[in-house]
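Got the viewer open? Let's take a walk through this one together, one selection at a time.

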Amino acid sequence: MLEIKNLHVRIAEGNTEIIKGLNLSVAAGEVAAIMGPNGSGKSTLSYVLAGKDDYEVTEGEILFNGESILDLEPDERASSGVFLAFQYPMEIPGVPTMNFLRAAINSQRKAKGHAELTTPEFIKKVKAAAGELNIPFDMLKRGLNVGFSGGEKKRTEILQMALLEPTLCVLDETDSGLDIDALKIVSDGVNALRDPLRAFVVITHYQRLLEHIVPDSVHVLYQGRIIQSGDKSLALHLEENGYADVIKNAA
Amino acid sequence: MSIQKTHSEEALGMSLPTRKVESFHYTDLRALIRELPEPVKLADTGGDNYQRIMPAVRLPFYDGQFFADIADELPEGVTVTNGVAKANSTDINDAIIGMNAAMHGDAILIKIDGDGTSEVPLGLAHVANSNGATACFHRVEVAKGVTAQIIDRCVSGSNINHLSNSVSELTVGEGAKVDWFIIQQENEDASRLARLDVDLAADSELSIFILNAGGKLVRQEIKIGVNGENSNLAIRGVNLVGDNSHIDVTTILEHNVPHTNAEELFRNVVAGDGHGVFQGQIKVAQPAQKTDAQMACNTLLLTDEGDFSAKPELEIFADDVICAHGATVTDIDDEQLFYLRARGIDEKTSRSLLIKAFVDEVVEELETSEIMQDALTSIIDNWLDENI
């Protein structure tokens with residue numbers, strides 16, 4: 001489903017290269033965990049997948065369902081099925097969360113040639129999904145993420161994912177800032193979306209998240225490249241021994 | 001050394017301020033209106049340029065002239081008299097007031113002695129149907145303890161090339177509560193020079209809301225004499241500055257007595273090569289201890305060609321006061337824009353969502369009816385659809 005080949009990325013303003021020849025393939029139905037020390041390029045990878053123009057791809061290819069997405073705008077990528085759950089979801093005062101959800105759902109439906117949801121259909125859908133994630137419906141009448149706690153923001157990201165039904169979900173440190181209860185709710189939300197037709201790229205620092213969202217593959221990102229891949233036991237190994245020996249073996 | 005008078009100055013028999021006059025530094029009136037259009041003598045009451053936006057007791061003005069015979073029935077306690085003396089309390093040196101006195105037009109006195117407009121507002125409904133210059137003067141007196149709502153709205157037909165001058169005086173009696181709305185929707189060739197002078201008595205509350213959503217050259221002056229203790233004043237506004245337009249809002253607050261509160265908040269959007277101006281002067285006289293005055297002016301500048309000049313000015317002679325002001329000018333936040341686009345919302349829609357959110361906050365803060373908020377929001381939405 002996702003195939004990244006020899007990807008090189010630098011910051012658009014300046015020459016700092018962050019991703020330096022990254023290769024990764026994730027199949028439909030697979031949950032791939034990306035781990036790595038600070039500054040290895042994990043968040044950059046997530047932004048590049050979503051199409052943020054602060055980054056420039058200088059070499060390589062990102063294929064999604066066999067087609068390059070490098071020339072697609074962020075909204076086109078979203079409509080084609082790519083979803084990024086942000087590490088730091090933006091607060092947007094003055095845009096009620098419900099209005100935002102409606103604009104997002106209907107934009108994507110329009111892009112796919114489907115009719116817009118009617119108001120009752122929309123509200124019913126949101127109420128059901130919000131209930132699953134323990135999100136009080138009244139919270140969604142407030143400005144998007146405004147005054148939400150860290151946990152509420154992350155749950156709202158998962159709510160958006162559930163409503164938009166993407167086929168490639170990229171989770172950028174979704175566990176950061178979550179207490180144990182919130183982590184459980186968020187993980188349950190993600191697990192409920194696991195599907196043979198949907199792939200996940202889960203970026204995290206900690207094995208803790210992977211106890212809840214059990215990955216099919218684990219990849220270590222270091223200095224802009226995947227230096228080792230394995231199954232879920234690799235995450236346990238990293239938790240116990242740190243990154244030092246993996247980095248040493250790769251060098 | 002004398003300089004040659006412009007056509008406007010000859011016609012008005014007065015000189016107009018240039019940018020050398022401090023309060024006109026950003027709006028060089030002399031240069032901007034060198035030619036004064038011919039006065040409109042016979043008002044045109046035809047056409048359907050005026051669309052009602054909400055229920056109101058409508059006082060119709062066409063080309064600056066009042067038409068009592070087609071006015072809505074006045075509620076109890078409200079009287080309207082045409083043909084009163086103009087500008088009796090105000091600053092005679094002000095160019096807009098001076099022009100008003102020199103120009104042809106009606107002068108109306110409205111007395112509000114009861115709560116008859118507290119639910120359905122009184123609407124000063126100004127329509128420009130003719131090319132030319134028009135002027136109008138209103139004096140509104142709200143009696144002690146009365147709650148009143150007044151809308152001063154002006155529209156003009158497309159293709160009407162006109163300059164209007166409007167001077168209003170408002171006295172807010174002791175303990176009275178007044179909501180005053182200025183809704184300016186002139187066409188893209190029209191000029192409007194307006195002034196609102198207010199006398200605020202003790203224990204009164206005044207909320208002014210200004211929406212500028214049109215016009216080529218607009219200057220709205222507001223001067224408030226805060227003359228009664230324990231009075232509360234809020235001035236809020238949204239200035240939508242379109243391509244090729246110049247919109248100036250200048251406010252002067254004079255706190256003359258102790259224990260008063262004032263709050264000013266403006267949100268501005270500048271599109272194309274529009275020029276926006278906000279001048280906010282707060283004067284606190286020596287006796288006006290315990291004044292609390294806050295002023296904020298935030299601008300979204302959407303292009304490199306547009307500009308916005310904000311000049312807050314505090315003159316404080318009392319030592320126990322709280323006065324604060326802040327002005328910001330920003331572009332749309334790229335991170336917010338990316339967030340919306342990453343959810344599949346196209347760039348244009350994302351941008352207009354963010355712009356709307358920025359200005360809607362001011363409307364949401366208004367303590368007014370839902371019907372009024374909806375009317376204001378729909379004017380804003382229409383402007384954004386046409387100009388962004």
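What percentage of the 251 residues in chain A do buried residues make up? The figure is 41%. Keep in mind as you click around that this is a predicted model.

**Stop 1: chain A as a whole**

Select chain A and colour by secondary structure. You should find nine helices and 12 strands. The radius of gyration is 18 Å, close to the 18 Å that the globule rule gives for 251 residues, so chain A is as compact as a globular protein of that length. Along its principal axes, the C-alpha trace spans about 55 × 40 × 35 Å. Now think about contacts in chain A with a separation of 6 or more: 71% of them are between residues 24 or more positions apart.

**Stop 2: the six-stranded sheet of chain A**

Pick out the strands next. Six of them make an open sheet in chain A, and reading across you get β6-β9-β10-β3-β11-β12, with mixed pairing. At the edges sit β6 (82–85) and β12 of chain A, each pairing on one side only. From one strand to the next, the twist averages 20°.

Zoom in on β3(A) and β11(A), which run parallel and are joined by four bridges. Click I34(A), then look for its bridge partner in β11(A), which is H219(A). Before moving on, show α5(A): this helix lies across β6 and β9 (168–172) of chain A, at about 165° to β6(A).

**Stop 3: a helix with two faces**

Now select helix α8 (residues 232–241) of chain A. Which of its residues are buried? Try L234(A), A235(A) and L238(A). They cover an arc of only 100° around the axis, which puts them on the same side of α8(A). Spin the view to the face turned away from that buried side, and you meet the exposed residues S233(A), E240(A) and N241(A).

What covers the buried residues of α8(A)? The cover includes β3 (31–35), α7 (207–212), β11 (217–222), β12 (225–230) and α9 (244–250) of chain A. Just after the helix comes G242(A), with a positive phi near 75°.

**Stop 4: where the chains touch**

Bring chain B into view. The contact takes 21 residues from chain A and 17 residues from chain B. On the chain A side, the elements giving two or more residues are α2 (74–80), β7 (92–96), α3 (97–111) and α5 (150–164) of chain A. The largest share of that side, five residues, comes from α3(A). Colour the chain A side by residue type and it divides into 13 nonpolar, five polar and three charged.

**Stop 5: the ten-stranded sheet of chain B**

Hide chain A for now. In chain B, 10 strands form an open sheet in the order β2-β1-β5-β7-β9-β11-β13-β15-β17-β19, again with mixed pairing. β2 (65–66) and β19 (322–330) of chain B stand at the edges with a single partner strand each, so one side of each has no neighbour in the sheet.

Select strand β5 (residues 122–128) and strand β7 (residues 147–156) of chain B, which pair in the parallel sense over seven bridges. Here A125(B) stands opposite R153(B) in β7(B).

Two helices are worth showing on top of these strands. Helix α5 (residues 347–365) of chain B lies across β13 (232–241), β15 (261–270) and β17 (292–301) of chain B, at about 155° to β15(B). Helix α6 (residues 370–387) of chain B lies across β9 (177–185), β11 (205–212) and β13 of chain B, at about 25° to β13(B).

**Stop 6: an enclosed strand**

Is strand β14 (residues 246–255) of chain B largely enclosed or largely open? Seven of its 10 residues are buried, so β14(B) is largely enclosed by the rest of the structure. Strand β12 (residues 217–226) of chain B pairs with β14(B) in the parallel sense over 10 bridges, and V218(B) stands opposite I247(B). β14(B) also pairs with strand β16 (residues 275–284) of chain B, in the parallel sense over 10 bridges. There, V249(B) stands opposite F278(B).

**Stop 7: one last residue**

Finish with L12(B), in helix α1 (residues 7–12) of chain B. L12(B) has 20 other C-beta atoms within 10 Å, so it counts as buried. Leaving aside neighbours within four places in sequence, L12(B) is in contact with L36(B), M99(B) and A102(B).

Key: Residues numbered from 1 in each chain as written. Chains lettered and ligands numbered in written order. Predicted model: local features only at pLDDT ≥ 70, side-chain atom pairs only at ≥ 80, totals over all residues. Pairing = 2+ DSSP bridges. Contact = placed C-beta atoms within 7 Å. Axes fitted to C-alpha atoms, helices over the stretch in contact; angles between N-to-C directions. Buried ≥ 20, exposed ≤ 12 C-beta atoms within 10 Å, placed from the backbone. Arc of directions from axis to C-beta. Nonpolar A, V, L, I, M, F, W, Y, C, P; charged D, E, K, R; others polar. Rg over C-alpha atoms; globule rule 2.2 N^0.38 Å.
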